[in-house]
Every structure is written in structure tokens, then in C-alpha cells.
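Please write a short report on how the parts of this chain fit together. Cover the salt bridges, the sheet and the packing of helices.

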Amino acid sequence: MGTRQLHTVGEVASLAGVTVRTLHHYDRIGLLVPSGRSESGYRLYAYADLERLREIRLLRELGFGLDAIGRLLDVAAYDRRSALVAQRDLLVERLERTQRIIRGVDRALKATAEGKEMDETEMFEGLEEFDHTRYEAEVEQRWGDSEAYKESKRRTSGYGKADWTRIKKEGDAVFARLAELLARGARADGREAMDLAEEHRRHIDRWFYPCSPGLHRQVAALYTADPRFEAYFEKHGSGLAGYVQEAIRANEVRSTS
């Protein structure tokens, strides 16, 4: 690497619109370690470092914590192009959601000005929680030929509104309890966390498709490999995606030992 291809920490800070202190912090925690050092020991950043910094800044803009960003960028299955596509999807989704919220606020302002009540069906536009079914087309593209996907389609085709309400309530309850464990510092490979991971596996097994501990681990890989899933978990607790994933892995080991 020629020195002309490298940037000093000050140059990178100027390019990225961050402080030198931020770059020093990223280096200390191993999130962005510069590729080189000058003869005097000063940090030198290559193009690949700038790419990683851009991804870090994008994920920070999307609300991810530094621990979650580190897991996303360092996971073995990480693919830069796929990650950029997913990040763009998140940004478009955020834009669309913001536009829906603005429309809702405008309706509320109009109703207030006219002394009327809002239409109840429009009161919460844009405030809905993450809906995994919105990505059904992508799921079908990835796993459409698998027996698990076919079985899930067969079962869910007969579910009504009450079934989906119950499914969501059960799933949310498991993740809420896992978030509580994380908040109080309980180990992800402890009995309580593993028991909840097993409860989640059985939830999938009962409602969607036969889910072995090994398959459950594969499903959980998405929780940190796909920014959209990570964002969903981060809203419920910083670091929750990785915590849930670790609990699921520990439960798999327990079930096979």
C-alpha cells in the first residue's frame, strides 16, 4: 500500500463528518481499526476502512448501537452488497413511515381545527410495529423450495385474524421476557434464557413448521445478519438480537448434549 492511498485520522474525520475522538473510540473498541500506521505511529486509513466507516455511519443513522453494528459487520455471512440493499430498504421504509406519520399528524391538526374526532381507523397510521409478513416475497425467494416453507404456507393459509393475534402475542411475550433478562444482566447461556429460547422454538414448531434446534439456530442467524431484523430487536433492547441468537445457540447445545 502506498502512502498516497492512505488517509490520516484528521482527513478521515473531515471526509466522514465525524470527530477525531469518535474515530479513536471506534479504534479502541475494535469497530474500525485502521489498516496502517505511519513510521511515527499515527493511524492511516485505506479505502476499505472508509467503506466500513460509511457502513457504520449508515447503521448509526438507522438507530443501531455500536455493539449491534460490530456484530453485523463481523458476522461470517456478511455481504457488503446485500447489506447495502437491506440498508437502503430500511431507509426507504423509514421515509415511507415518516410520510405516513406526517399524514396522520395533518389529519389530527385538521380534526382539531374543525372541532371533530379523527377517524379511528386512521389514528395510528405509520405507528404500526414491524410486520415480518411484509417480507414474504423475499422469504419465498430464499426458502420457497424448502419443506419448512411449504409446510408453513400450508398451515398459515388456514389462519384467521384471531390466530395471527395470538401468534403475535405469544412471540412478543417471549422476546419481552428475553429483553428483561438482558436488562438485568442474566447470561444468554443461562437456564432462564435457554428456556425462553426453547419456548420460542416450540412456538415456531407449533404454528409454522417443524423446527429442530439446528434449524432454529439457522433462523436465528438472520437476527444479526439482516439489518431489518436487528433493527426490530434493537427497538426492544440494545443488543437484544445478539442476546436472543446466543440463547438459541446455547439451547441447541443443551438439547444435543
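Asp27 and Arg43 form a salt bridge, and their closest N and O atoms are 2.7 Å apart. Asp27 belongs to helix 2 and Arg43 to strand 3, so the pair ties together parts that lie 16 residues apart in sequence. A search of the whole structure finds 18 salt bridges. Keep in mind that this is a predicted model.

**The sheet**

Strand 3 leads us to the sheet. It is an open sheet of 3 strands. Their order is 1-3-2, and the pairing is antiparallel. Strand 1 (7–8) and strand 2 (36–37) are the edge strands. Each of these two pairs on one side only. Strand 3 covers residues 43–45, and 2 bridges join it to strand 1 in the antiparallel sense. In strand 3, Tyr45 is the bridge partner of His7. In general, strands of a sheet pair through backbone hydrogen bonds, either parallel or antiparallel.

**Three helix pairs**

Now for the helices. The table sets out three packed pairs.

| Helix pair | Residues | Angle | Axis distance |
|---|---|---|---|
| Helix 1 and helix 2 | 9–16 and 20–28 | about 110° | 9 Å |
| Helix 3 and helix 4 | 47–61 and 66–74 | about 135° | 10 Å |
| Helix 10 and helix 13 | 213–220 and 240–256 | about 165° | 9 Å |

**Helix 1 with helix 2**

How do helix 1 and helix 2 lie relative to each other? They pack at an angle of about 110°, and are therefore roughly perpendicular. Their crossing is right-handed. Helix 1 brings Val9, Gly10, Val12 and Ala13 to the contact, while helix 2 brings Val20, Leu23 and His24. By class, this contact of helix 1 with helix 2 has 5 nonpolar and 2 polar residues. It has no charged residues.

**Helix 3 with helix 4**

Helix 3 and helix 4 pack at about 135°. That angle makes helix 3 oblique to helix 4. The crossing of the two is right-handed. On the helix 3 side, the contact is made by Arg52, Glu55, Ile56, Leu59 and Arg60. On the helix 4 side, Leu66, Ile69, Leu72, Leu73 and Asp74 take part. Sorted by class, the contact of helix 3 with helix 4 holds 6 nonpolar and 4 charged residues, with no polar ones.

**Helix 10 with helix 13**

Further along the chain, helix 10 and helix 13 pack at about 165°. That makes helix 10 roughly antiparallel to helix 13. Which hand does the crossing of helix 10 and helix 13 have? Helix 10 passes helix 13 in a left-handed crossing. Pro213, Gly214, His216, Arg217 and Ala220 of helix 10 make the contact with Gln245, Ile248, Arg249, Glu252 and Ser255 of helix 13. Here the classes are mixed: the contact of helix 10 with helix 13 has 3 nonpolar, 4 polar and 3 charged residues.

Note on methods
Residues are numbered from 1 along each chain as its sequence is written. This is a predicted model: local features need pLDDT of at least 70, side-chain atom pairs count only at pLDDT 80 or more; totals for chains, interfaces and linings use all residues. Side-chain values use heavy atoms; hydrogens and water are left out. Axes are lines fitted to C-alpha atoms, for helices over the stretch in contact, and angles run from 0 to 180 degrees between N-to-C directions. Helices (H or I, at least four residues) and strands (E, at least two) are DSSP runs, numbered from the N terminus. Angles under 35 degrees count as roughly parallel, over 145 as roughly antiparallel, 65 to 115 as roughly perpendicular and the rest as oblique. A crossing is left-handed if the near helix is turned anticlockwise from the far one by less than a right angle, and right-handed if clockwise. Contact means heavy atoms within 4.5 Å. Ala, Val, Leu, Ile, Met, Phe, Trp, Tyr, Cys and Pro count as nonpolar, Asp, Glu, Lys and Arg as charged, and the others, Gly among them, as polar. Two strands pair if DSSP finds at least two bridges between them. A salt bridge is a side-chain nitrogen of Lys or Arg within 4 Å of a carboxyl oxygen of Asp or Glu.
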